[in-house]
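Thanks for making room for me this morning. I would like to take you through one structure, beginning with its pockets and ending with its core.

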Amino acid sequence: MTTATPDFVPGLQGVVAAETRLSSVDGQLGELIIAGFPLEEIAGRATFEEMVYLLWYDALPDAQQLADFQQRLGAYRDLPGYTLALLRAAAEQQVPAMDALRMAASTISLRTPGEPDDDQRDALALVARFPTIVAAYWRLHNGEEPVAPRADLSHTANYLYMLTSDVPTDEQVRAMETYLNTVMDHGLNASTFTARVIISTESDMVSAVVGAVGALKGPLHGGAPGPALDMVFEIGDESRAEAYLREKLERGDRLMGFGHRVYKVRDPRADMLSQAAEKLYSADGDLQLYQLAKYVEDMAVTLLEEYKPGRKLQTNVEFYTALLLHGLNLPTDLFSPTFAISRAAGWIAHAFEHQATGRLIRPQSVYTGERNRQWVPLESRK
Ligand code: ACO
């Protein structure tokens, strides 16, 4: 009797592998709902702390709940000496910031005496310490001493403060917070799936998040905004855009910041971030760069349709992430780690949800190798 071969779906495209109340991604309509809120309704209004609370507890906090949550989260901001020692060693070797973040995130499993050994504590410590780790590493990487976190600043303001030692303006905080809220959760993307797979084995929260950082690092997921911005800089002027993009496409290169596995129309996060970038650049930036980016975007979408007809390759979140974060004076090396600072809260929300409702994730594979091979003793092998 032969057993039926299960269908193989490359890249698991279109396969439904979880039920979630956390976010809904409609790739045809270009619609993103986060915990019941259309993205446009919430991303520009909520604070980072409100957004995390919403994802973890499925409701916006009242004033007392928010104050308690801010206090509990803020209590974990400081980095223990052993985490700083690791970051110093990583800085000596000038490792990429995502690798430093992944290694330092593992140290969150170490507890001070009396600290609870549970996923709630790990969840708070992970979200609270990610900005401190990224900022401290970046300063060490550049030969500067880390700036200690300030308890009187919000999560977002404190991140910007620790990078530069300057207290950011309200406009800068709003722009960064809009970014962090926009990318906090996005269905079953590769890193979120990674976190769910790990937690589904009844592993722990730190392991789930560390694995997810590894998945986010790749350029097909969270690593695209740096190259997307480099492309705009290399183009430099509208008159060069078409020739530059054509040359790339003729060579078979991918245009970073375009195309998405799910969205076949413009990514709604690109709209959100484009508006936030326009506001930021109008206030204190270089509106010329914003206008050049818009021109490059239009030209890229037109040429992608010409070179890849019917693939519906549209602007994704990474393109305007690059512009917005550049407007906040972040170097390209910090784009992916900043994405992780936000998405960590989403990974954790998915891990909690999976712990409550999910099963071990264990798909199958189709065997394509040989059968009935015969053992050959070592001395007889050629
Ligand atoms: N530029 C040029 N061609 C592209 C691009 C692009 N950005 N994206 C896809 N294509 C082409 C592919 O070459 C392929 O062409 P073919 O059918 O002639 O072989 C076709 O479009 C389909 O591409 P796939 O790789 O099968 O699409 P998939 O759904 O696997 O990929 C992905 C989605 C990885 C995002 C892809 O569009 C890409 O590489 N984009 C550039 C990198 C990027 O912006 N990544 C960030 C994504 S957003 C995020 O994860 C947060």
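What follows is a short tour of the pockets and the nonpolar core, and please keep in mind throughout that this is a predicted model.

Let me begin with the largest pocket, which holds about 1800 Å³ of space. It is lined by 48 residues, and those closest to its centre are Leu 220, His 260, Arg 261, Val 262 and Lys 264. If we ask which elements give two or more residues to this lining, they are the strand β1 (23–26) and the helices α9 (190–200), α14 (287–307), α15 (317–327) and α16 (335–357). By residue class, the lining of the largest pocket divides into 22 nonpolar, 16 polar and 10 charged residues.

The second largest pocket has about 280 Å³ of space, and of its 13 lining residues the closest to the centre are Gly 44, Arg 174, Thr 178, Ala 276 and Lys 279. Helices α1 (39–42), α8 (170–182) and α13 (268–284) each supply at least two residues of that lining, with α13 giving the most, namely five. Here the division is four nonpolar, three polar and six charged residues.

Turning to the interior, the largest nonpolar core has 119 residues, among which Trp 56, Phe 130, Leu 245, Leu 330 and Trp 347 touch the most other members. Helix α6 (residues 119–141) contributes the largest share of this core, 14 residues.

What is Trp 56 in contact with, once its neighbours within four places in sequence are left aside? Its partners include Arg 21, Phe 69, Ala 123, Leu 124 and Val 127, and also Ala 345, Ile 348, Ala 349 and Phe 352.

Definitions and conventions:
Residues are numbered from 1 along each chain as its sequence is written. This is a predicted model: local features need pLDDT of at least 70, side-chain atom pairs count only at pLDDT 80 or more; totals for chains, interfaces and linings use all residues. Side-chain values use heavy atoms; hydrogens and water are left out. On a 1 Å grid over the protein atoms alone, a cavity is a set of points where a 1.4 Å probe fits but cannot get out, and a pocket is an open set with protein on both sides within 12 Å along at least five of seven lines; lining residues have an atom within 4 Å of a point. Grid points are joined across faces, edges and corners, and a volume is the space filled by probe spheres set on the points. Helices (H or I, at least four residues) and strands (E, at least two) are DSSP runs, numbered from the N terminus. Ala, Val, Leu, Ile, Met, Phe, Trp, Tyr, Cys and Pro count as nonpolar, Asp, Glu, Lys and Arg as charged, and the others, Gly among them, as polar. A nonpolar core is a set of buried Ala, Val, Leu, Ile, Met, Phe, Trp, Tyr and Cys residues joined through side-chain atoms within 4.5 Å. Buried means under 20% relative accessible area, exposed over 50%, partly exposed in between (1.4 Å probe, protein chains only). Contact means heavy atoms within 4.5 Å.
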